[in-house]
Amino acid sequence: MLKKYVLVFLVSMIPLIELRGSIPIGLSPLWGDALPIVPLYIICIIGNMLPVPFIFFFARKVLEWGADKKFIGKFFTFCLEKGEKGGKKLQEKAGRGLYVALFLFVGIPLPGTGAWTGTLAASFLDMDFKKSTIAVMAGVILAGIIMGIASTGVFGAVGTIFS
């Protein structure tokens, strides 16, 4: 069982997969018994949130550092420009509700909308670290709840009832 906890913790830290992939793994009987839901959520949330400070404080600096390098420069410049354009667009549309928009962006479990991307966007927008971390954590919790419900088959049962 300890191996499965380590597995879901590590999967929670992988970009694009994050908690959205680790909760179904933890609830699945494929790699041993399904884990109890409360400890599973705690482990997945910790694993998903662990990279957030590093992303917030260092990812933008790494991209700026690499923008003028020979092999990685074009890609890093592309990422910087795309991040800045996307951030400005989000800021214009969200206005004062920027932290709510960040929460919803992270909380709706779609590909590319997790804690990694949300934190990077917050860094590009020079958002307050504490407030953006709270918004990202709330979004991670919401995504975890949605994925837990989906993984236990509630959405499938509802679909069967109404079809």
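Among contacts in the protein between residues at least 6 apart in sequence, 67% join residues at least 24 apart. That figure comes from a predicted model, and the rest of the fold can be read against it. The protein has nine helices and zero strands, so the run of elements from the N terminus is simply α-α-α-α-α-α-α-α-α. Along the principal axes, the C-alpha trace spans about 50 × 35 × 30 Å. Of the 163 residues, 36% are buried. The accessible surface adds up to about 9800 Å², with 74% of that belonging to carbon and sulfur atoms.

For a look at the buried part, leucine 35 is a handy place to start. This residue sits in the loop between α2 (18-27) and α3 (37-49). Leucine 35 counts as buried because its relative accessibility is 4%, against a cut-off of under 20%. Setting aside neighbours within four places in sequence, leucine 35 is in contact with Met1, Lys4, Tyr5, Val8, Gly26, Leu27 and Leu40. Leucine 35 and isoleucine 23 are twelve residues apart in sequence, and their C-alpha atoms are 9.4 Å apart in space.

Next come the salt bridges, of which the count is three. Two of them involve arginine 60. The side chain of arginine 60 meets that of glutamate 64 at 3.4 Å, N to O. These two residues are four apart in helix α4, which means that about one helical turn separates them. Arginine 60 also pairs with aspartate 126, here at 2.9 Å, N to O. Arginine 60 lies in helix α4 while aspartate 126 is in the loop between α7 (115-124) and α8 (129-151), so this bridge ties together parts that are 66 residues apart in sequence. The three partners also sit in different accessibility classes: arginine 60 is buried, with a relative accessible area of 18%, glutamate 64 is partly exposed at 42%, and aspartate 126 is exposed at 59%.

The remaining bridge joins lysine 69 and aspartate 68, with the closest N and O atoms 3.4 Å apart. Lysine 69 is partly exposed, with a relative accessible area of 31%, whereas aspartate 68 is exposed at 61%. As for the bridges that share partners, they join Arg60, Glu64 and Asp126 into one network.

On the surface, two patches are worth pointing out. One is nonpolar, covers about 790 Å² and is made by Phe54, Phe57, Phe58, Val62, Trp65, Phe71 and Ile72. Phenylalanine 54, one of its members, lies in helix α4 (residues 52-66), the helix that also holds arginine 60 and glutamate 64. With a relative accessibility of 53%, phenylalanine 54 counts as exposed, because the cut-off for that class is over 50%.

The other patch is positive and is formed by Lys82, Lys85, Lys89 and Lys93. Lysine 85 is found in helix α5 (residues 73-94). At 64% relative accessibility, lysine 85 counts as exposed too. Taken over the protein, there are 16 positive and 9 negative charges, and their mean positions are 2 Å apart.

Definitions and conventions
Residues numbered from 1 in each chain as written. Predicted model: local features only at pLDDT ≥ 70, side-chain atom pairs only at ≥ 80, totals over all residues. Heavy atoms only, no water. Patch = residues over 30% accessible without salt bridge, like charges linked within 9 Å, V, L, I, M, F, W, Y side chains within 5 Å. Areas by Shrake-Rupley, 256 points an atom, 1.4 Å probe, with all protein chains shown as cover. Salt bridge = Lys/Arg side-chain N within 4 Å of Asp/Glu carboxyl O. Buried < 20%, exposed > 50% of the residue type's maximum accessible area, 1.4 Å probe, protein only. Lys, Arg positive; Asp, Glu negative; His and termini not counted. Charge placed at Lys NZ, Arg CZ, Asp CG, Glu CD. Contact = heavy atoms within 4.5 Å.
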